[in-house]
Structures are given as structure tokens and as C-alpha cells.
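Subject: A structure for you to look at

Hello,

Here is the structure I promised to pass on to you. Please open it next to this message, and then read on for what turned up in it.

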Amino acid sequence: MAQINLKRVHGDFGFEAVDANGHTVKMDSSPESGGQDFGIRPMQMLLMGLAGCSAIDVISILKKQRQEITDYKMVVNGEREAGKEPSLWEDVDIEFHIYGNVDEDKAVRAAELSINKYCSVAATLAKAGAEIKWKVIVHPAE
């Protein structure tokens, strides 16, 4: 079982969460709801988790296929439900930017496998009703 410990460290809503290995994340509410911009909003952390989870999958798959990845970036945009509490992620758009000597078909397949099969964060968001759209952009080595 995973354990996270959270404590308030800054203002009303500034928290630090620590995992069992001592990794720390700072979180806060938005200034509009009383936060002081001390850290990441908890809902944004879900999108960060999606990016990290999927990146690990994609790079792992491509390495097994002996693809030469020189750099990797992702852009994740999310839109939450309007006028609802709780306000869940409704639409999530992902851009995978893969750099190097990488076969585009293999890169697309790796992203598809991640989002639709392997990434637990993507599965969690999808079960909560989020529609996840994605595209892969391969930047060839020069």
C-alpha cells in the first residue's frame, strides 16, 4: 500500500506532501479561492501524473524497439466540467513530442498502447469520464 503524508506549511492552503521515499511536492489552492500560489493545484497534479505515467510507457516501449530517442517532451491541456462540484477533467489533449531517429508508426503505436492499455493514470481519468485525445509529433534527428 502506498502512503503519502501531507502537512500544512504555508498559509491556509499551502501543503507539502511526502511519499515513503521522501519525495516532496508543494500544493496550494488558487489565489481566487484563498491560496497564495505556493504550489501546484491538486487537479493539475493529475495531469502531471498522466504525463509522467505515459512518458515512462512510451519511452520504455520505444527503447525495447531500439529506437534512438534524443529528447522527449509532452504538452497536456485539460478542460474541467463547468458549473459542477466536484469539477472533473472532461477533455484532455496530449501532444507527444519525440526527438531522434524514431519510426513515426512505432511512436504512434507506443502512445496508443500507453493511453489505451498501460497508463494507470489515463485509465483512472477515462473511468472518471475524461475524453483523452492525443497526437504524436516526431522530430527527426538532424
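A pocket is a good place to start: the largest one holds about 170 Å³ of space. Please keep in mind from the outset that this is a predicted model.

Which residues line that largest pocket? They are F13, F15, M27, D28, S29, S30, S33, R41, P42, M43, Q44 and R80. Sorted by class, this lining has 5 nonpolar, 4 polar and 3 charged residues. Helix α1, which covers residues 42–64, gives the most to the lining, with 3 residues. If you would like to see how such a space is found, picture a ball: rolling a probe the size of a water molecule over the atoms shows where empty space is left.

Now step back to the whole chain. The model has 3 helices and 6 strands. Starting at the N terminus, the elements follow one another as β-β-β-α-β-β-α-α-β. The C-alpha atoms fill a box of roughly 50 × 35 × 35 Å along the principal axes.

**The sheet of β1, β2 and β3**

Three of the strands make an open sheet in the order β1-β2-β3, with antiparallel pairing. Its edge strands are β1 (4–10) and β3, each of which pairs on one side only. From one strand to the next, the twist averages 25 degrees.

Let us follow the sheet from β1. Strands β1 and β2 pair in the antiparallel sense over 6 bridges. You can find I4 with its bridge partner D19 in β2, and L6 with its bridge partner A17 in β2. The hairpin of β1 and β2 has 3 residues between the strands, and there G11 takes a positive phi near 60 degrees.

Next comes the pairing of β2 (residues 14–19) with β3 (residues 24–27), which is antiparallel over 4 bridges. A17 appears again here, with V25 as its bridge partner in β3. Close by in your viewing list, add V18, which stands opposite T24 in β3. These two strands also form a hairpin, with 4 residues between them, and G22 in the turn has a positive phi of about 90 degrees. While you look at the strands, one general point may help: in a regular strand the side chains alternate between the two faces of the sheet.

**The sheet of β4, β5 and β6**

How is the pairing in the other open sheet described? It is mixed, and its 3 strands come in the order β4-β5-β6. Here β4 (68–80) and β6 (131–140) are the edge strands, each pairing on one side only. Neighbouring strands of this sheet are turned against each other by 15 degrees on average, if direction is ignored.

β4 and β5 (residues 89–101) run antiparallel and are joined by 12 bridges. To locate this pairing on your screen, look for I69, whose bridge partner in β5 is G100.

**Two helices that cross**

Two packed helices are described by the angle between their axes and the distance between the axes. For α1 and α2 (residues 104–118), the axes come within 9 Å and cross at roughly 135 degrees. That angle makes α1 oblique to α2. The crossing of these two helices is right-handed.

**Two spots in the loops**

Where is P86 found? It is in the loop between β4 and β5. A cis peptide bond joins E85 and P86, with omega at about -5 degrees.

The other spot is D37, in the loop between β3 and α1. Phi of D37 is near 60 degrees, which is a positive value in a residue other than glycine.

When you have a moment, try tracing the β1-β2-β3 sheet yourself, then move on to the residues around the largest pocket, including F13, F15 and M27. Do write back with any questions!

Best wishes

Conventions. Residues numbered from 1 in each chain as written. Predicted model: local features only at pLDDT ≥ 70, side-chain atom pairs only at ≥ 80, totals over all residues. Heavy atoms only, no water. Pairing = 2+ DSSP bridges. 1 Å grid on protein atoms, 1.4 Å probe; cavity = no way out; pocket = protein on both sides within 12 Å on 5 of 7 lines; lining within 4 Å. Points joined across faces, edges and corners; volume = space filled by probe spheres on them. Nonpolar A, V, L, I, M, F, W, Y, C, P; charged D, E, K, R; others polar. Axes fitted to C-alpha atoms, helices over the stretch in contact; angles between N-to-C directions. Parallel < 35°, antiparallel > 145°, perpendicular 65-115°, else oblique. Left-handed = near helix turned anticlockwise from the far one by under 90°.
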